[in-house]
Amino acid sequence: MTDLTYAKAISTTIAQAMRADPDVFVLGEDVSAGGPFTTTAGLVEEFGAGRVIDTPISEAAICGVAVGAAQSGLRPVLEIMYVDFITLALDQLVNQAAKAHFMSGGQLSVPMVLRTQGGAGQRAGAQHSQSLEAWLTHVPGLTVVMPSGAADAAGLLASAIASPGPVVVVENKVLYFRREPVPDPVEPIPLGRAAVRRAGRDVTVVALSRMVGEALTAAEELATEGVEVEVIDPRTLVPLDLDTIVGSVRRTNRLVVAHEAVLHGGFGAEVAAAVQHAAFDDLDAPVERVGAPFQPIPLSPPLEDAYLPGAAGIRDAVLATLGRVPTSTL
Amino acid sequence: MTTAVTVDARVLRDLLATMWRIRAFEEQVGALKRADEVHGLIHLSIGGEGVAAAVCRQLRDDDAVYSGHRAHGHAVAKGAPLDRTMAELMGRDGGLCQGMGGSMHLVDVAHGFLGATGVVGGNIPLALGSALAAKQRGTDVVAVVFFGDGAVQAGLFTESVNLATLWRLPVLLVCENNGFAEFTPRSAHTTVERVGDVVAPYPLPRQTVDGNEVADVWSAFSALLARARAGEGPALLECLTHRLRGHYEGDPDRYREAVSTEDWQRKDPILRLQRAGHDAGWLPAGEPAELEKRARAEVEDAVTWARSSPFPSAVPEELR
């Protein structure tokens, strides 16, 4: 194990994959400079500009280039600098990458990774802070990954690069410089398998990406009040490890789903619906969801802080499932 | 007409046969669409077969070809078997794509037809990706993408021309300019009449030819292809052509003047090549009728084969 930041875990994993397979290459805006978050730092020095390709600000075309290169046998690791800009690449991602294998009757495959990052908290305003993963989970043919820490950022990315189909990895900008022990060499973590981050008997909290840490903070606080929370990190949204989530709910009989994206149409609704269908009789309370309000993200620091969901909201939601009036101390 | 003699007669005879195969195939597709045996949105290239034939017959199986929604001709010219192509249009299990794709999403990887795309302009960067793969691997493989003049106004076109020239990719951009983007004339979409002029600032060869003069298309593409194979980068070939049918089968086609029969006799790429062959002496009098007959018989066989293929009973497990 080596202590790495989330950002360094990503560049380390890409480098490891590029050493192992000459078909793996990186493309995106500013990738040879490392990008704004250093996730591709050092790669051009080791692999050269032929495999670490800077692109113009042409998200639609570079996504299409990645799809075509993948269809012709390469393994592109494409970076779309902010998930907010994925809007420009969606035709290629949704209409081409996600459907090529299916529509060709299995003749084509698109082994590409689209890395991007989302999340607020950096006073970046409403066009550089969104959490848009729910859109992606709505498209059959895409695998959607959201790593919550450095070890997962490495292990899930290793699996994504090895995957035969298109994988979107949505990183989180607030997590990039948090450190964590990461296996050396990086070990692939299977896609579609959730991690139980904390065991608990009273309430299950399913949390995505940055909200995993927030859920653990809330759980520590609640433990002092005698409430034991089980925190589950799905790690991949598609495919979703529903078995682990439902298994937990069958024991705790209570569920909270927490993400940073707006609640309205968020992935939490999908988890809530799937769990109530699979374990209706096991639920002792309505499923609670934690997410952002249905509005664009404000720039002003106090307003952004108030907008961002976090540990306090999770704590309140957990108490709500227990029928207790929350008196937040977080 | 004069250029026709510069292309080898064997080549021209092959192009004529290819055009007849496409014409016979698509006329049958139109009939089967009206009979509800062929499904989905059907866009025919009747009248524009010359471009598909002259471009694709110069390519190898390992060269990648991408097409748009009007794709049958490109697929057939690249080598897609008529029977499995017809079965795909009919949604049958034996179709090229097991009935999962249909007319606008034909794919035949074995012959390097990497696919038709139903979103206008969406295929252009895919070809760049295949060209990038060829370049990365140090091969002389090229990628070709067909698109209409309507795609040129999409942002992807300009983004792709920029990238293709920046990276000197072995990609050939073949524009079939039939003057209409769906129901609207080019003049209502842009002030730039010639697609070749749209790419004028970029360092790539661009050529505009009469797309219904097959030998001209062959000659022009041949030179651009040789450059791309030699690693000298991308090129744009604009082929001025005409689609005899509406935008899609069932289109009332009220937005443009019908071409008179005499006019069409002059423009039809098949008839033109036959006249040229007759004049130059390489096409015996009975051969056109023979080629047409052979093509129609082959299409009949393809229809019979496709009809005998069952509808898929379920989406195959490995595609779910």
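**Exercise 1. Decide whether Ser32(A) is buried, exposed or partly exposed in this predicted model, and describe its surroundings.**

Step 1. Count the neighbours: 18 other C-beta atoms lie within 10 Å of Ser32(A). A buried residue needs 20 or more, and an exposed one has 12 or fewer. Ser32(A) is therefore partly exposed.

Step 2. Place the residue in the chain. Ser32(A) belongs to the loop between strand S2 (24-28) and helix H2 (43-47) of chain A.

Step 3. List the contacts. Leaving aside residues up to four places away in sequence, Ser32(A) touches Val44(A), Ala49(A), Val52(A) and Asp54(A).

Step 4. Add a distance. Leu74(A) is 42 residues from Ser32(A) along the chain, and their C-alpha atoms are separated by 19 Å.

**Exercise 2. Describe the backbone and exposure of Thr38(A) and of Asp253(B).**

Step 1. Thr38(A) has a phi near 65°, a positive value in a residue other than glycine. Its place is in the loop between S2 and H2 of chain A. With 16 other C-beta atoms within 10 Å, Thr38(A) is partly exposed.

Step 2. For Asp253(B), phi is near 60°, again positive in a residue other than glycine. Asp253(B) lies in the loop between S8 and helix H9 (261-267) of chain B. Here 15 other C-beta atoms are found within 10 Å, so Asp253(B) is partly exposed.

**Exercise 3. Locate the cis peptide bonds that precede Pro185(A) and Pro239(A).**

Step 1. The bond from Asp184(A) to Pro185(A) is cis, with omega near 0°. Pro185(A) sits in the loop between strand S8 (179-182) and strand S9 (195-198) of chain A.

Step 2. Val238(A) and Pro239(A) are joined by a cis peptide bond with omega about -5°. Pro239(A) sits in the loop between strand S12 (236-238) and helix H9 (242-252) of chain A.

**Exercise 4. Work out the strand order of the open six-stranded sheet of chain B and name its edges.**

Step 1. The order is S2-S1-S3-S4-S8-S7, and the pairing is parallel.

Step 2. Strand S2 (113-116) and strand S7 (206-210) of chain B each have a single partner strand, so one side of each has no neighbour in the sheet.

Step 3. Follow the pairings. S1(B) and S3(B) are parallel and share three bridges, with Ala64(B) opposite Ala143(B) in S3(B). S3(B) runs parallel to S4(B), joined by six bridges, and Phe146(B) stands opposite Val174(B) in S4(B). Strand S4 (residues 171-177) and strand S8 (residues 235-240) of chain B also pair in the parallel sense, over six bridges; Asn177(B) stands opposite Leu240(B) in S8(B).

Step 4. Check the twist and the cover. Direction ignored, neighbouring strands are turned by 15° against each other on average. H2(B) packs on the sheet and touches strand S1 (64-67), strand S3 (143-148), S4 and S8 of chain B, its direction making about 165° with that of S4(B).

Step 5. Examine S3(B), where six of its six residues are buried. On one side these are Ala143(B), Val145(B) and Phe147(B), and on the other Val144(B), Phe146(B) and Gly148(B).

**Exercise 5. Classify the packing of H1(B) and H2(B).**

Step 1. Helix H1 (residues 9-34) and helix H2 (residues 49-56) of chain B pack at about 130°, with axes 9 Å apart. The two helices are therefore oblique to each other, and their crossing is right-handed.

Step 2. Leu15(B), Thr18(B), Met19(B), Ile22(B) and Arg23(B) of H1(B) meet Glu49(B), Gly50(B), Ala52(B), Ala53(B) and Ala54(B) of H2(B). These residues divide into six nonpolar, two polar and two charged.

**Exercise 6. Describe the contact of chain A with chain B, then the crossing of H3(A) and H5(B).**

Step 1. The contact takes 26 residues from chain A and 32 residues from chain B. On the side of chain A, the elements giving two or more residues are helix H3 (59-71), helix H4 (86-97) and helix H5 (100-103). H3(A) supplies the largest share, nine residues. The side of chain A divides into 11 nonpolar, 14 polar and one charged.

Step 2. The axes of H3(A) and helix H5 (residues 124-136) of chain B come within 6 Å and cross at roughly 50°. That makes H3(A) oblique to H5(B). The crossing is right-handed.

Step 3. Residues of H3(A) in this contact include Ala61(A), Gly64(A) and Val65(A), and those of H5(B) include Pro125(B), Leu126(B) and Ala127(B). The contact divides into 11 nonpolar, five polar and no charged residues.

Methods. Residues numbered from 1 in each chain as written. Chains lettered and ligands numbered in written order. Predicted model: local features only at pLDDT ≥ 70, side-chain atom pairs only at ≥ 80, totals over all residues. Axes fitted to C-alpha atoms, helices over the stretch in contact; angles between N-to-C directions. Helix = DSSP H or I, 4+ residues; strand = E, 2+ residues; numbered from the N terminus. Parallel < 35°, antiparallel > 145°, perpendicular 65-115°, else oblique. Left-handed = near helix turned anticlockwise from the far one by under 90°. Contact = placed C-beta atoms within 7 Å. Nonpolar A, V, L, I, M, F, W, Y, C, P; charged D, E, K, R; others polar. Pairing = 2+ DSSP bridges.
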